[in-house]
Amino acid sequence: MLAAARAGDYAPAAAMPRETTEAKIARVKKIIAGLRKTYPEAHCELDHRNPLELLIATILSAQCTDKRVNQVTADLFRKYRSAADYADADLSELQQDIKTTGFYRNKARNIQACCRKLVERHGGEVPGTMEELTRLDGVGRKTANVLLGNAFQVNEGIVVDTHVARLSQRLGLTRQKDPEKIEQELMKLVPRKQWTMFSHWLIWHGRRRCTARNPDCPNCEIRKICPSAGRW
């Protein structure tokens, strides 16, 4: 889910007349309306029941599909039920438990170090602010946004994964390639109350319609307001 965006992961929008910020904001409203109608059930697809489970799942999702993460956490969350469980776990055993998510050694170290800080600094609870979250091992702004938006219902920013980066480019909402720069531009265009859902809508559309290599432009629900429609 949270793989960093790369230049080859998406194509920029076709050349189009320079769009004013006001016109772009108006078009974003239409994009949101179209995607909200298409995906009324859109939500975070990482299985979780509480903030700690979402934190662990999000760390595991780096360079890994949500489907694979959910397969791994089905057993993982039964075995480790608290931050203390992860903090006290045998590291080599934890590595084996998450091995199929990839980069398992680094992920296991981050999970254990993160959970030790949760125990030491926060009584084993996941904090609910950007500043506190980004002080945890393995937690950057992107992961913190996932936690804040989905576990705490706080719209602090917009999650930019490969799908959001790709679609933002194709929709002509940004020319940036760096995820944090893309986020900053999107935050100026999308109403704050919809920041969390905007990511979900783009991610769902990116997985189901606007795929990286073979986007289904003819059947796309927002093709009339997409400058890249029909290029594939």
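Is Gln153 buried or exposed? Select Gln153 to begin the tour of this predicted model: at 59% relative accessibility, Gln153 counts as exposed, because the cut-off for that class is over 50%. Its place in the chain is the loop between α8 and α9 (162-170), and its backbone deserves a look as well, since Gln153 has a positive phi of about 55 degrees although it is not a glycine.

Next, move to Gln63, which sits in the loop between α2 and α3. Gln63 is likewise not a glycine, and its phi is positive, at about 60 degrees. With a relative accessible area of 47%, Gln63 is partly exposed.

From this loop, turn to the nonpolar interior. The largest nonpolar core has 38 residues, and those touching the most other members are Ile56, Leu76, Tyr86, Ile98, Ile111 and Cys115. To see where this core draws its residues from, colour α2 (51-60), α3 (66-79), α4 (83-87), α6 (104-122), α7 (130-133) and α8 (141-151), the elements that each give two or more residues to it. Among these, α2 gives the most, with seven residues. In soluble globular proteins, nonpolar side chains tend to be buried together.

Within this core, centre the view on Ile111 and display its contacts: leaving aside residues up to four places away in sequence, Ile111 touches Ile56, Ile59, Leu60, Tyr86, Leu94 and Ile98. Apart from this core lies another, of 28 residues, and to find it one can select Ile158, Leu167, Met187 and Leu189, which are among its members.

Then select His200, which lies in helix α11 (residues 195-208). His200 counts as buried because its relative accessibility is 7%, and the cut-off for buried is under 20%. When residues up to four places away in sequence are not counted, His200 touches Ala42, His43, Cys44 and Asn150. A distance drawn from the C-alpha atom of His200 to that of Val159, 41 residues apart along the chain, should read 8.7 Å.

The last stop concerns empty space. Rolling a probe the size of a water molecule over the atoms shows where such space is left. The structure holds three cavities of 30 Å³ or more, and the largest cavity has a volume of about 120 Å³. To reach the largest cavity, select His205, Cys210, Cys217, Cys220 and Cys226, which lie nearest its centre among the 16 residues that line it. Coloured by class, the lining of the largest cavity shows 10 nonpolar, two polar and four charged residues.

Conventions:
Residues numbered from 1 in each chain as written. Predicted model: local features only at pLDDT ≥ 70, side-chain atom pairs only at ≥ 80, totals over all residues. Heavy atoms only, no water. Helix = DSSP H or I, 4+ residues; strand = E, 2+ residues; numbered from the N terminus. Buried < 20%, exposed > 50% of the residue type's maximum accessible area, 1.4 Å probe, protein only. Contact = heavy atoms within 4.5 Å. 1 Å grid on protein atoms, 1.4 Å probe; cavity = no way out; pocket = protein on both sides within 12 Å on 5 of 7 lines; lining within 4 Å. Points joined across faces, edges and corners; volume = space filled by probe spheres on them. Nonpolar A, V, L, I, M, F, W, Y, C, P; charged D, E, K, R; others polar. Core = buried A, V, L, I, M, F, W, Y, C linked by side-chain atoms within 4.5 Å.
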